[in-house]
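Please open the model in your viewer and keep the selection panel at hand. The tour below goes from one selection to the next and says what is found at each stop.

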Amino acid sequence: MIGVTILGSTGSIGTNTLDVIARHSESYQVIALTANSQVERMFAQCSEFKPKYAVMVDDAAAAALESQLKSAGLDTEVLVGTDGLVSVASLPEVDCVMAAIVGAAGLLPTLAAARASKRILLANKEALVMSGQIFMDEVKKHNAVLLPVDSEHNAIFQSMPDSYQGNMEESGVRQILLTASGGPFRTIALSELESVTPEQACAHPTWVMGRKISVDSATMMNKGLEVIEARWLFNAEPSQIQVVIHPQSVIHSMVDYVDGSVLAQLGSPDMRTPIANALAWPKRIEAGVAKLNLFDVARLDFEMPDFDRFPCLRLAYEALEQGGTASAILNAANEVAVAAFLNRKLKFTAIAAVIERTLTSIQSTSITSLDQVLEADREARQFATSLIQ
Ligand code: NAD
Ligand code: MG
């Protein structure tokens, strides 16, 4: 049996992961589930999967879950807070950690999984965007295995040579072609962007996701974060990562080789494919995903990204070029701005403005320790918040 911890089990990636695991209960055992505060959903997951541990970050939620579990006669042990997250990411009986917390909150438990030499299935791109080289060094130092769950990075991983060790030239790789749907506002009149609502921003044309990543997809900051994610996962220079708008979301990304070959991974837009791929790698398991019907798809379109329409994408490239803590500052300002937009305290078009002002106002430094990353995150959050209130 493969022991699994799911960090962020009540979210979109978390529930899709449990869906895949439920199809293969003879191979995978859920050891721990974690959530921020959603007691009802966590209780239902505990009833179905009977994990040894459940972590609630919120104290009151933990107490409520504990009493519900007790009344139902379930012996899942409830842990609390970031300490609880870190401990279930490092348990000896856990082989595999799905990192599916949204945002910077996932950094410490995901790093803990690396330090405990786990197989990490990485959905929580913000953790890697913030800590970059530090995260990759911890993975290497502790012989952890890092497998991308983000659909694009999983597609790149599948299209890279099996032996790929982080040297693009040696592997004959010319460029990574990172596909993007363009989100819900790819063709809306620019003058209308200012007044779009959270509901419109969260109505993604091809993917059903959590609210934060849905807004990131609408601003294309999601693609910007993914460029930074690809830089670290595949040791690629920013110029070796080309964003390609592909509205059908059928090609999940491609790798361009020096001999002129372009290898791609295609599939129905369903996160259970990359989740199953990472869970079972190097094997393949059934994931409940509809077979791709190319006759229904009929055509595949490609466009250049528009940096005027999507300034967040430009800002992400700029932060990456700047290096050091700039990516952590970008990420923190984005999290603050997106939360404010979702709470109707900020216009959609002001998200990029808040990030740009934060990036230009806070000095980035080179990173030698995790503390610098956490300090940059804290400082950027404080500054971005002051711009909004
Ligand atoms: P979601 O909002 O649906 O779920 C987030 C999960 O994290 C929940 O379980 C929630 O309880 C937990 N969480 C939230 N705040 C927390 C905190 N402060 N501390 C601890 N736990 C907390 O998000 P999602 O769409 O599942 O995305 C999760 C991650 O996966 C994100 O980093 C996202 O970028 C990435 N991702 C998601 C998709 C997708 O299709 N949803 C695709 C690619 C990558
Ligand atoms: Mg993605």
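Is the crossing of H5 and H6 right-handed or left-handed? Before turning the view to decide, bear in mind that this is a predicted model. Select helix H5, residues 107-115, together with helix H6, residues 125-141, and look at how the two axes pass each other: they come within 10 Å and cross at roughly 15 degrees. Because angles under 35 degrees count as roughly parallel, H5 is described as roughly parallel to H6. As for the handedness, the crossing of H5 and H6 is right-handed.

Keep H6 selected and add helix H1, residues 12-22, since H1 and H6 each supply at least two residues of the shell around ligand 1. Now select ligand 1 itself and display its surroundings, which consist of 23 residues, the closest being Thr10, Ser12, Asn36, Glu126 and Gly210. If you colour this shell by residue character, it divides into 11 nonpolar, 9 polar and 3 charged residues.

Next, show the backbone atoms and turn to the oxygen atoms of ligand 1. At Asn36, a backbone N or O atom lies 2.9 Å from an oxygen atom of the ligand, while at Gly11 a polar backbone atom is 3.1 Å from a ligand oxygen. Move on to Ala123, where a backbone N or O atom is found 3.4 Å from an oxygen atom of ligand 1. Finally, switch on the surface of the protein around the ligand: of the 830 Å² of accessible area that ligand 1 has on its own, the protein covers 87%.

Technical notes:
Residues are numbered from 1 along each chain as its sequence is written. Chains are lettered from A and ligands numbered from 1 in the order in which they are written. This is a predicted model: local features need pLDDT of at least 70, side-chain atom pairs count only at pLDDT 80 or more; totals for chains, interfaces and linings use all residues. Side-chain values use heavy atoms; hydrogens and water are left out. A residue is near a molecule or strand if one of its heavy atoms lies within 4 Å of it. A polar contact is a pair of N or O atoms within 3.5 Å; within protein, one must be able to donate a hydrogen and the other to accept it, and residues adjacent in sequence count only if both atoms are side-chain atoms. Accessible areas come from the Shrake-Rupley method with a 1.4 Å probe; for residues, only the protein chains shown count as cover. Helices (H or I, at least four residues) and strands (E, at least two) are DSSP runs, numbered from the N terminus. Ala, Val, Leu, Ile, Met, Phe, Trp, Tyr, Cys and Pro count as nonpolar, Asp, Glu, Lys and Arg as charged, and the others, Gly among them, as polar. Axes are lines fitted to C-alpha atoms, for helices over the stretch in contact, and angles run from 0 to 180 degrees between N-to-C directions. Angles under 35 degrees count as roughly parallel, over 145 as roughly antiparallel, 65 to 115 as roughly perpendicular and the rest as oblique. A crossing is left-handed if the near helix is turned anticlockwise from the far one by less than a right angle, and right-handed if clockwise.
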